[in-house]
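Me: Please take a close look at a single part of this model, the aromatic residues, and describe in one connected answer how they are arranged. A word on a pocket would also be welcome.

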Amino acid sequence: MRQLRSLPDYQIMVATSLGFTICYVDDVEAVLHRFESAFSFKRRMLTEDGRYGELETGGTVWAFADREFGRDHFTDPKVRAAFDGEPTCVEFVLLTHDVPA
């Protein structure tokens, strides 16, 4: 695997790009607030019922939905069952030049 050395390596234009990442969480508002406070992301939107929200993160929308919201959007029983167990582990890498102390 080629090791990337600098930010410009990530800026190569491709025909297909990632538009959304949706994380299913227990408390959408709390998660949005955490990322707004820690990384100064701006809230793009939060639904009136608080079950779905998005952050402005650059080229990709980072969205958060409550677990029931996610479960309601899938019809496959095996996929729906995944929302009944413990949350899965996910890692996101945020690139920044500086993080305020």
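**The aromatic cluster and a pocket**

Reply: In this predicted model, one aromatic cluster is formed by Phe35, Phe39, Phe41, Trp62 and Phe64. A pair of aromatic rings is described by the distance of the centres and the angle of the planes. Counted with centres within 6.5 Å, the aromatic pairs come to nine. For Phe35 and Phe39, the ring centres lie 6.0 Å apart and the planes meet at 20°, so this pair is stacked, the cut-off for stacking being under 30 degrees. Both residues belong to helix H1 (residues 28-39), where, being four residues apart, Phe35 and Phe39 are separated by about one helical turn. As for their surroundings, Phe35 has a relative accessibility of 16% and therefore counts as buried, since the limit for that class is under 20%, whereas Phe39, with a relative accessible area of 39%, is partly exposed.

Turning to the pocket, the second largest one has a volume of about 310 Å³. It is lined by 13 residues, of which Cys23, Tyr24, Pro87, Thr88 and Val90 are the closest to its centre. Strand S1 (residues 20-25) contributes four residues, the largest share of the lining of this second largest pocket. Sorted by class, the lining of the second largest pocket consists of nine nonpolar residues, three charged residues and one polar residue.

Methods: Residues are numbered from 1 along each chain as its sequence is written. This is a predicted model: local features need pLDDT of at least 70, side-chain atom pairs count only at pLDDT 80 or more; totals for chains, interfaces and linings use all residues. Side-chain values use heavy atoms; hydrogens and water are left out. Rings of Phe, Tyr and Trp (its six-membered ring) pair if their centres lie within 6.5 Å; planes under 30 degrees apart count as stacked, over 60 as edge-to-face and the rest as tilted. Helices (H or I, at least four residues) and strands (E, at least two) are DSSP runs, numbered from the N terminus. Buried means under 20% relative accessible area, exposed over 50%, partly exposed in between (1.4 Å probe, protein chains only). On a 1 Å grid over the protein atoms alone, a cavity is a set of points where a 1.4 Å probe fits but cannot get out, and a pocket is an open set with protein on both sides within 12 Å along at least five of seven lines; lining residues have an atom within 4 Å of a point. Grid points are joined across faces, edges and corners, and a volume is the space filled by probe spheres set on the points. Ala, Val, Leu, Ile, Met, Phe, Trp, Tyr, Cys and Pro count as nonpolar, Asp, Glu, Lys and Arg as charged, and the others, Gly among them, as polar.
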